[in-house]
Amino acid sequence: MPELTRTDRGRMLRQLLVVLAVTIAAGALAGLVWEWLWTPPVGVVQDHRWLLDEAGLRDDFAGTGTYIAVAAVAGVLVGALVALLFDRAELVTLVAVVVGSVVAGWLMYRVGLAVDPPDPRVLARTAEEGAHLPGKLTVHGRSPFVAFPSGALVGLVVVFLGLSRRRPTGE
């Protein structure tokens, strides 16, 4: 195996940092899209507590479902994009996408919560009886957090295996 030159190592480090930055930025943008697409369940204030009715309980899962959908699509898009742009050092791209997509999924969650309406349980303490308040954006369980990394790996694999610009040697 040939020794890597200083230029090659510098190029790979830049590639790693750019792929990480693109992936993490996509996670922040996906957090905004997640909150924008989500429809909050509406609950009612009773005895200074916020309660959901049957329809509200069904709608409460929408935060998780929307998170999964947005994270998977964003992951596929960012994985495919960086695979198309950086198809020379595939292992560097793979490592950066795996690490970056885990961070991006977490950041997507944090950004979505940051732009979310205030917690209705807190507002209910001082709200009038019978007032209708929108719910809080949530993700139930831990399994939805694999959506971004899974999508990113799918996008990466599709491009690396199906659309690669490289040709086998000897042609």
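Author: Helices (H or I, at least four residues) and strands (E, at least two) are DSSP runs, numbered from the N terminus. This is a predicted model: local features need pLDDT of at least 70, side-chain atom pairs 80 or more, and totals for chains, interfaces and linings use all residues. Residues are numbered from 1 along each chain as its sequence is written, and side-chain values use heavy atoms, without hydrogens or water.

Reader: Which helix gives the largest share of the nonpolar patch?

Author: The patch lies on the surface and includes Leu-91, Val-99 and Leu-153. Its nonpolar side chains are joined within 5 Å, each residue having over 30% relative accessible area (1.4 Å probe) and no salt bridge (Lys or Arg nitrogen within 4 Å of an Asp or Glu carboxyl oxygen). Seven patch residues come from one helix, residues 90-114. That helix is α4.

Reader: How much accessible area does the patch have together?

Author: Trp-106 is one of its members, and Trp-106 lies in helix α4. With Leu-94, Val-95, Val-98, Val-103 and the rest, the patch has about 680 Å².

Reader: In what order do the three strands form the sheet?

Author: The sheet is open, with antiparallel pairing (at least two DSSP bridges between strands). Its edge strands, β2 (49-52) and β3 (132-134), each pair on one side only. The order is β2-β1-β3.

Reader: Which residue stands opposite Val-44?

Author: Four bridges join β1 (residues 42-46) to β2, and the two run antiparallel. Val-44 faces a partner in β2. That partner is Leu-51.

Reader: How many residues apart in sequence are the parts that Trp-34 and Tyr-67 tie together?

Author: The structure holds four aromatic pairs (ring centres within 6.5 Å; planes under 30 degrees apart are stacked, over 60 edge-to-face, the rest tilted). Trp-34 and Tyr-67 pair edge-to-face, 5.1 Å centre to centre, with 80° between the planes. Trp-34 lies in helix α1 (residues 6-37) and Tyr-67 in helix α3 (residues 62-85), so the parts they tie together are apart in sequence by 33 residues.

Reader: Is Tyr-67 buried or exposed?

Author: Buried means under 20% relative accessible area, exposed over 50%, partly exposed in between. Tyr-67 has 0%, so Tyr-67 is buried.

Reader: What relative accessibility does Phe-145 have?

Author: Phe-145 pairs edge-to-face with Tyr-67, at 5.3 Å centre to centre and 65° between the planes. Phe-145 sits in the loop between β3 and α6 (147-162), so this pair ties together parts 78 residues apart in sequence. Phe-145 counts as partly exposed, at 28%.

Reader: Which residues form the aromatic cluster?

Author: Trp-34 is buried, with a relative accessible area of 0%. Trp-34 belongs to one cluster of Trp-34, Tyr-67, Tyr-109 and Phe-145.

Key:
Patch = residues over 30% accessible without salt bridge, like charges linked within 9 Å, V, L, I, M, F, W, Y side chains within 5 Å. Salt bridge = Lys/Arg side-chain N within 4 Å of Asp/Glu carboxyl O. Phe/Tyr/Trp six-rings, centres within 6.5 Å; stacked < 30°, edge-to-face > 60°. Buried < 20%, exposed > 50% of the residue type's maximum accessible area, 1.4 Å probe, protein only.
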